Each structure stands twice: as structure tokens, then as C-alpha cells.
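Q: Please take a close look at one part of this protein, a pair of neighbouring strands, and then follow the contacts outward from there. I would like one connected account that I can read beside the model.

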Amino acid sequence: MPSTDDLLLALRDRIVRMRSQDPRRLAGFAVAAAVVLGVLAWYFRPWLHGIVYGVYTTPILPLAAVLGAGIAVLVRRRLGALLSGQAGFAVFVIVVVVGVSLTGLLAGEHLGKATMDRAGTASNLSETDPAMPRVVTKSVASRYASNTLNFPQYRIEGGDITVRNGTPYWSYALAPDGAFNYFTKRQHGTVLVDMTEQNAEVETEVGDLRKGIGPAFYNEYRFSMLKRTDYLVGYDDPFMVVHGGEQYIAVPYTKPEFHWLPLPYTTPEWGGVVLIDGDGEMRDLSPAEARSSPVLGEQKLYPFKLARQKVAATKYRNGIVNTFTSHEDEIEVAPVPGEGNDQPFLVFTESGPEYVVAVEPYGQAQGLKEVWTVDARTGEYERYSPTASLFGARKATDYVRQAARTTDWNRFTPSEPIPVVVDSQLYWQVRIVPEDSSGIAYTAFVNARSSDVHEVTTTAEVTAFLRGERVDGGGGDGQPGDRTPTLVVERVAPNGTVVGTLEIYDDETVRVRQGNATATNATNATTGPSSG
């Protein structure tokens, strides 16, 4: 057996022979390897899209890299071998990070001020369409879709809103389930969960899509889309469209707009919608073409992420420095409990589908500062600033908890508080959902001004409330009634805030029990039927 010294000598001789070979052979090998890598990178360029697009939309990177490298060389020359290349590399990283951070702030300020300048001012909010209520939350819809699935080789994937024949649905792709099916099968159809019905109303449109959601890359929509349509754009999440018995995938996208002073940066703008049919044919539609497409006639078209990004950027309305110092008139998008679904929420109003974003003052305040609405088909922004003091989405869930004292809040949670307008009054519509998202326990409408909480338990009662009709929220047959309370009892905090209300009807009595009474000295007071 050769010794270690013999192996080292043989390796050295091999290296010497390689160095003595014709340099042209080595150069040819390098060129061939570069060509192979280039071909592979070109074919699999969809996998590199995130990196390429990130660099493309950050034009400060080349400038910062050159500047950082230059400073790093100077620092290394001054320090000599003291710190080797570590100091130079650290300087390079710092310059790049600082450059990217500065341009990020500039981009946010430009986007926020441009949004403020272009947005209209609304004197009131559009009335909610009672024929298209949002009853089922996203988490419950996902549970409904999974529970009714009877395709053993497939699973649901995605979860977005689509409209079919005037009814909004949560839509999911039937994607292959398991490793073998992932590589051998295509998307098998679309699962639709009726958003307007509290019970599980699920429809399935079956049919393989040549380029779909969920299978291996050679059968996937995104891999093909990034090779056949515009590569240097930002694609939003896809959603399913079922029209005329055919299935489509719609993908809104944004394009970067370049700005060069005082430093180079980009801001996103709506670019259009890619529409993919069941045969894998793709059409890149401009916003105007998308609005005129019969397939997309009922659908939201504006990118969801762009709506949130633009509204959030209005925090810079008074400049960048203000967000680090006095925070004057600064806003933040209100965080809301949504079980995987956050603002903006798509609501259907009498003026059409709109994204709605409720914003609060910066910091600990939870009042309603503004409500931004974005036309989901045209991308037009409007800003509504309430003239009266209204509370926001987070506080609405607190009032729901206070009003429902019999609800076990360890097992249920308020979810997706969305703003709805009924008879010019703003309410927060809060769905109460079990921990396992197995259904909707009930829906609470919270008046954003008075904090009154009105609970309803059926779809018919939700619709009736949105029509402005008084309903009996106790369940029953779910039909709207015309009962009006003859007495309203309010719980008032020491600071004068109404923290809860109780409506008393003419066939009910009120019993007042002393809070610190014992079983032997309790004092009860009972009134007869309320009057006047």
C-alpha cells in the first residue's frame, strides 16, 4: 500500500503536468463550462427570477458595489496586512447596506407622496352590497374545501377571491398531492367555496390544466409564464377564474418605475394581468385590456400587494425625517386578526369591488385615522377621513369580546374585521370563528361610533342587517324582523366611554343583581315589561 508521502508526491506531479498542458485546452474547457452553465441558467431562469428581479429593481447596487469596493481597497492599503481582507469586506458590506437602505426610504417617500397626490378625497364610503356579503373567512373556507374534497390524489392550494355569475367565492386549485403525483400529474380543477353562505357550499370544476398551480415545474403556470411573458416584472399571487365552463388562471403584476435622483431607486406601478387558459395559452393584458376582457368582467384586477404597499407608504406624507422624530400625522396599517388573511380586504359595494384599508395613528392609538378604498378594477384610490371620532378594527374586536360574555374566548377568536357601510353608518363586521376554523359561530356588527354590538347567527340575518333592516339576532328562523328595543342599558367606564350595551325588548324583563352580594343577602330588582 503506498504511503502518505507517495500519495502527496503523485498529487504534486499531477498538478505539475496539468499546469504544463497547453493553455488553450484549459481555456477551451473554461469556455465550454461557461456555455453549459449559461444554457442551464437560461432554461431555468424562472428559478432565478427573485434574485434577478431584486437586483434589477435596486439600481443602487452596482453603484454601491463599486464605491464599496473602492473604499475597501483604500482601507486595506492603509491597514496593510493588519486585518487582511476582513476590514475591506466589512466596509464593502456597510456601503451596500447603507445605500440600499437609503434608496428604500426614498422609494417609500416617493410612493407615499405620489399616492397622496393622486388619491381622491371621499366625503363618505360606498354602501355595502347586501347581495354579495363576506360571510365566510379565508380560514373557514380552506377548512370547508378540505373537508369536502373527495379526490385522493389531490389537495387544495392557494386561496383567493373570485366571482362567478355574480357570486363571490373563495377559489382553490386542485393540486397534485404526494411526490409521485407531483411529478406525474397536472392541476386537476378548481374548488369554489361560496363566500356569501355561512354553511359549507362547495363546488368543484374538474378538468386538467396544461399549465396549472401546484405540479412540477414542467406543468406549472409560473415556470412557463416567466419564460413566455415579461420576465422583469413583479407577479402577484394567482387566482382561479371559472367562466363559461372553462378554467383560467389570472395573475396581476407590477412594473418598476425608475428614478435617478438624488440616488437611483424604483417604485412599483400596475402593469397588467396575465391570463392563462386551460390549454396553457397565455395573454399579457394591459389594465385597459383586462377590464374589457369578458373572462375577467367580474373579477378584481388590481394587485393586492400593491394596494397595501401604497397605502402603507403614505406614512411618509410629511417626509422621511418625520417618521424618525415627531411622527406628526403618521399612520400605520391597522393589524387585525385574520387567521392568515390581512388587509386590504376586498369588499363588494354598490359601486363595485373595492379594496379597503383601515389605518390608525402611529403608535399605541387605536382610533380610526383614515379609510382608504381602491377600485379593484381601475386602481383608483380614495381617502376617507372621518369627521367624528371612530374606533378602529382592533378595538372593534375588544367590544365584541366584552359584549359576548357567554363566549369561551379560549376556543373562539374574532376574525377578519371588515368595514361595511349601512345607511351611511360605518360598522365593523367581525366573524367569530372556532379555534379549528370549523365554521362561523356568529357574526357581530360593531358600530364604529357608538360601539353598539349587534350579533347575528345566520346568512339571512347578515343580509338583512346589510339592507338596513332590524333583525332578531337570536337565531330562530333567521328571517329579518322589525323589533325595536324599548330600553337600552349602557355600561359606562369612569372616563365616560360606553363599554357595552344591552337592548331590552317589550316582552323582556331586567334583573339587576348586586355584584358583591352573597347567597343570603343578594338584592334583586325586577322590572316589568319595558315601556316608553
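A: In this predicted model, strand β7 (residues 239–243) and strand β8 (residues 246–259) pair in the antiparallel sense, and 5 bridges hold the pairing. Within that pairing Met240 stands opposite Ile249 in β8. The hairpin that β7 and β8 form has 2 residues between the strands, and in it Gly244 takes a positive phi near 60 degrees. Strand β7 is mostly covered, with 4 of its 5 residues buried. As background to reading any such strand, side chains in a regular strand alternate between the two faces of the sheet.

From this hairpin one can pass to Gln187, because Gln187 touches both Met240 and Ile249, among other residues, and since Met240 stands opposite Ile249 in β8, the contacts of Gln187 include both members of that facing pair. Gln187 itself lies in strand β4 (residues 187–194). Is Gln187 buried or exposed? At 0% relative accessibility, Gln187 counts as buried, since the limit for that class is under 20%. The side chain of this buried glutamine has two polar partners in the backbone: the oxygen of Gly189, reached at 3.0 Å, and the nitrogen of Ile213, reached at 2.7 Å. Beyond residues up to four places away in sequence, Gln187 also touches Ala173, Leu174, Pro176, Gly207, Asp208, Leu209, Gly212 and Pro215, among others.

Returning to strand β7, the residue to consider next is Phe239. The charged end of Lys300 sits over the ring of Phe239, 4.0 Å from its centre. A second arrangement of this kind is found where Arg401 lies over the face of Trp409, at 5.1 Å from the ring centre.

The neighbour of Lys300 in sequence, Leu301, has its place in the loop between α9 (287–292) and α10 (304–313). Leu301 is buried, with a relative accessible area of 0%. Leaving aside residues up to four places away in sequence, Leu301 touches Pro252, Trp270, Val273, Ala290, Arg291, Leu296, Ala376 and Arg377. One of these, Arg291, is 10 residues from Leu301 in sequence, and the two are 7.8 Å apart in space, C-alpha to C-alpha.

Val273, another of the residues that Leu301 touches, leads to a further hairpin. Strand β9 (residues 265–277) and strand β10 (residues 282–285) run antiparallel and are joined by 4 bridges, and in this pairing Val273 stands opposite Leu285 in β10. The hairpin of β9 and β10 has 4 residues between the strands, and here Gly280 takes a positive phi near 85 degrees. In the hairpin of β7 and β8, with 2 residues between the strands, the glycine with a positive phi is Gly244, near 60 degrees.

The aromatic residues offer another way to read the model. A search of the whole structure finds 20 aromatic pairs. The rings of Tyr43 and Phe44 have their centres 4.9 Å apart and their planes at 85 degrees, so this pair is edge-to-face, the class for planes over 60 degrees apart. Tyr43 is partly exposed, with a relative accessible area of 39%, and Phe44, at 23%, also counts as partly exposed. For Tyr182 and Phe183 the ring centres are 4.9 Å apart and the planes stand at 85 degrees, so that pair is edge-to-face as well. Tyr182 is partly exposed at 31% relative accessible area, and Phe183 is partly exposed at 48%.

Tyr43 and Phe44 also belong to a cluster in which ring pairs link them with Trp47, Phe217, Tyr218 and Phe223. Phe223 carries the account into helix α8 (residues 221–228), where Tyr221, Phe223, Ser224, Met225 and Leu226 are buried. At the start of α8, a side-chain oxygen of Glu220 reaches to within 3.4 Å of the backbone nitrogen of Phe223.

These parts belong to a protein chain whose secondary structure comes to 12 helices and 23 strands. Of its 532 residues, 45% count as buried. Among contacts between residues at least 6 apart in sequence, 55% join residues at least 24 apart. The chain exposes about 27,200 Å², of which carbon and sulfur atoms supply 54%.

Notes
Residues numbered from 1 in each chain as written. Predicted model: local features only at pLDDT ≥ 70, side-chain atom pairs only at ≥ 80, totals over all residues. Heavy atoms only, no water. Phe/Tyr/Trp six-rings, centres within 6.5 Å; stacked < 30°, edge-to-face > 60°. Buried < 20%, exposed > 50% of the residue type's maximum accessible area, 1.4 Å probe, protein only. Lys NZ or Arg CZ within 6 Å of the ring centre and 35° of its normal. Pairing = 2+ DSSP bridges. Polar contact = N/O pair within 3.5 Å; in protein donor to acceptor, adjacent residues only side chain to side chain. Contact = heavy atoms within 4.5 Å. Areas by Shrake-Rupley, 256 points an atom, 1.4 Å probe, with all protein chains shown as cover.
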